[in-house]
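Colleague: I would like to go through this model and ask how its labels are justified. Shall we begin?

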Amino acid sequence: FFSLISLRIDIVQVLLVRHGATDWNLQGRCQGATDLDLNEVGVHQAKQIAASLTNETIHGIYSSNLKRAQQTAQFISLHHQLPVLIETDVRELDHGELEGLTFAEIKKNYSQFIQKWRTEPAEIRVPGGERLVDVARRAWNGLNRIVQLHTAQETLVVVSHNFPILGIICRITGTHLNNYRTYHLDPCGLTRLNHHGGDHWGVTCINNQ
């Protein structure tokens, strides 16, 4: 009984939020390091997630350095009078030569890459970009740097991107990165994590479910 109480009080809760939509999201274009603003749909999504978090007591708000994440975080911050702090390691996978291309264009021009990505995406390097395994590693390091700045019973918001968040979820759940498609994240989807100290993490909600 007492150990359960102790465990509960020692938790730092992290609310991982994927950014709102951009034009490229809605057009089905590959979007990684390209620094696009939220569009009208994305602004609406950001306002909705911000409104849903108004009753949470938030102690810190963090974002990747990309505008779509920062803008989403700013909407959340309006309700909590907190600055948005930047953690560059939770930025999106750099898609290199694939940036801005539709899936049909990628399938046509990078067919060998797509075949490999479908089965073993973790270790393969995106042409001119990054490897998923490296993104997952830096996102994990960034997340741990953030929680080390806070004490037990605090709740943090971290606004990030599809692949960094999927990498974190895979790490905590013991899912191989090659199987990241086990999970799905909508724009402004919310994932709740509990940090119990050290390397002890739990996932209580993925993509609002």
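Modeller: Keep in mind that this is a predicted model.

Colleague: Which residues of helix 6 are called buried, and what makes them so?

Modeller: They are F113, I114 and W117. Buried means under 20% relative accessible area, so each of these three falls below that cut-off.

Colleague: What puts them on the same side of helix 6?

Modeller: The buried residues cover an arc of only 95° around the axis, and therefore they share a side. In general, an α-helix has 3.6 residues a turn, so residues three or four places apart point the same way. On the other side of helix 6, Q112, Q115 and T119 are exposed; the label calls for over 50%.

Colleague: What do the buried residues of helix 6 pack against?

Modeller: Helix 5, helix 7 and helix 8.

Colleague: Why is W117 counted in a nonpolar core?

Modeller: A core joins buried nonpolar residues, Trp among them, through side-chain atoms within 4.5 Å, and W117 therefore qualifies as part of the largest one. That core has 41 residues, and W117 is among those with the most contacts inside it, as is V14. Helix 7 gives the most, with nine residues.

Colleague: What makes strand 3 and strand 6 edge strands?

Modeller: The open sheet has six strands in the order 3-2-4-1-5-6. Strand 3 and strand 6 each pair on one side only.

Colleague: How do you know that strand 5 and strand 6 pair?

Modeller: Pairing needs at least two bridges; four join strand 5 to strand 6, so they pair. The two run antiparallel, and H195 stands opposite W201 in strand 6.

Technical notes. Residues numbered from 1 in each chain as written. Predicted model: local features only at pLDDT ≥ 70, side-chain atom pairs only at ≥ 80, totals over all residues. Heavy atoms only, no water. Buried < 20%, exposed > 50% of the residue type's maximum accessible area, 1.4 Å probe, protein only. Arc of directions from axis to C-beta. Contact = heavy atoms within 4.5 Å.
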